[in-house]
Amino acid sequence: MIRYCVAAFLCAPTLLSAQDPARFYPPVGCTEVLTIQMRGCEVDHIYTCSNDNPGESWRVNFRVDGPIFISKIDAETQWLESYDLFPTSRDVLIQPATDPASLSELLSTGTDTYDFTQRGPDGITRVVGFDTLTGEEVVIDGEPLLRTEFSARFEGVSGPYMTLRGNEYVSRKHGRFISGSYARTVDGQTDEWDNSPVDFIYPGEPGFFEKKPLYDCDVSLTRFVPRLEGSDQ
């Protein structure tokens, strides 16, 4: 028995005979919004739930062997809670944040700083960083996106233990960050990877809410990446 029901994701009742095994079905009371096929052999599914506050949404991330990460953000892209799966662990935003992540601030001024803490199974983690718009606007699979640059420092009880930097995208349409390219440094060692979007798939289109990632799966060495949804980020 896993430790959490993962926001009803793993504990929701299902009608297996009526379901397509290739497809992801969110919990009852939730609405499927968008599928994003990405580089690095990953696919994201975005959905909203009727019991949540206005502006809140969920993201579940799949790799070839199944779902590995779930997160919930608010309208300002604050990372409210997240679940790392197998083994399952939960991180929750401690509110109020010292400097909350704010998508509104980023879009209005071009830069947003943040300084917040999360409570997880290993204790308290502080995350300090910034997002800034580069001024570049791109269109990927018909989707207009704003390119960002970010840098974040992660601190535990013993001090800083990781930095994460890179470039992401912001979708005004969906009010959220979209994955991009990353560089993570731990103990002086840096690794890099690319989860940039390739396909944006909407309800009724082929591949919508299908679990299988499509790109770079023959060469990708994927890994869990701590995200700040709003720089969950």
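## A walk through a mostly-strand chain

Let's start with the overall layout: this chain has one helix and 13 strands. Both kinds of element are DSSP runs numbered from the N terminus, with helices (H or I) needing at least four residues and strands (E) at least two. Reading from the N terminus, the order is β-β-β-β-β-β-α-β-β-β-β-β-β-β. Keep in mind that this is a predicted model, in which local features need pLDDT of at least 70 and side-chain atom pairs count only at pLDDT 80 or more, while totals for chains, interfaces and linings use all residues. Residues are numbered from 1 along each chain as its sequence is written, and side-chain values use heavy atoms, with hydrogens and water left out.

How much of the chain is tucked away? Of its 233 residues, 49% count as buried. Here, buried means under 20% relative accessible area, exposed means over 50%, and partly exposed is in between (1.4 Å probe, protein chains only). The chain exposes about 11300 Å², and carbon and sulfur atoms supply 51% of that area. Those areas come from the Shrake-Rupley method with a 1.4 Å probe; for residues, only the protein chains shown count as cover.

Now find strand 4, which covers residues 66-73. Eight of its eight residues are buried. Strand 4 has a partner in strand 3 (residues 57-63), and the two run antiparallel over seven bridges. Two strands count as paired if DSSP finds at least two bridges between them. A hairpin of two residues takes you from strand 3 to strand 4. If you look across from Lys72 in strand 4, you'll find Trp58 standing opposite.

Strand 4 also pairs with strand 5, again antiparallel, this time through five bridges. One of the partnerships here is between Ile73 and Trp79, the latter in strand 5. The hairpin of strand 4 and strand 5 has five residues between the strands, and in it Thr77 takes a positive phi near 70 degrees.

Time to look at the rings. A search of the whole structure turns up ten aromatic pairs. The rings that count are those of Phe, Tyr and Trp (its six-membered ring), and they pair if their centres lie within 6.5 Å; planes under 30 degrees apart are stacked, over 60 edge-to-face, and the rest tilted. Among these pairs are Phe69 and Trp79, an edge-to-face couple at 5.9 Å centre to centre, with 65 degrees between the planes. Phe69 sits in strand 4 and Trp79 in strand 5 (residues 79-84), so to speak on two separate stretches of the chain, ten residues apart. Are these two buried or exposed? Phe69 counts as buried because its relative accessibility is 3%, and Trp79 is buried too, at 6%.

Another pair is Phe154 with Tyr161, and this one is tilted: 6.4 Å centre to centre, 55 degrees between the planes. Phe154 is buried at 2% relative accessibility, whereas Tyr161, at 39%, is partly exposed. You can also spot one aromatic cluster formed by Phe24, Tyr47, Trp58, Phe62, Phe208 and Phe209. Trp58 is the residue you already met opposite Lys72.

A ring can have a charge for company as well. The charged end of Arg23 sits over the ring of Tyr25, 5.2 Å from its centre. For that to count, NZ of Lys or CZ of Arg has to be within 6 Å of the ring centre and within 35 degrees of the ring normal.

Finally, the cross-links. A disulfide is a covalent bond between the sulfur atoms of two cysteines. The structure holds two of them, each found as a pair of cysteine sulfur atoms within 2.5 Å. In one, Cys30 and Cys49 have their sulfur atoms 2.0 Å apart. Cys30 lies in strand 1 (residues 30-38) and Cys49 in strand 2 (residues 42-49), so the bond ties together parts that are 19 residues apart in sequence. Both Cys30 and Cys49 are buried. The torsion about their S-S bond is about 100 degrees, so this disulfide is right-handed.

The other disulfide joins Cys41 and Cys217, with sulfur atoms 2.1 Å apart. This pair links distant parts of the chain, 176 residues apart: Cys41 is in the loop between strand 1 and strand 2, and Cys217 is in the segment after strand 13 (197-201). Cys41 is buried at 4% relative accessibility, but Cys217, at 30%, is partly exposed. Number the bonded cysteines in sequence order and the pairing reads 1-3, 2-4.
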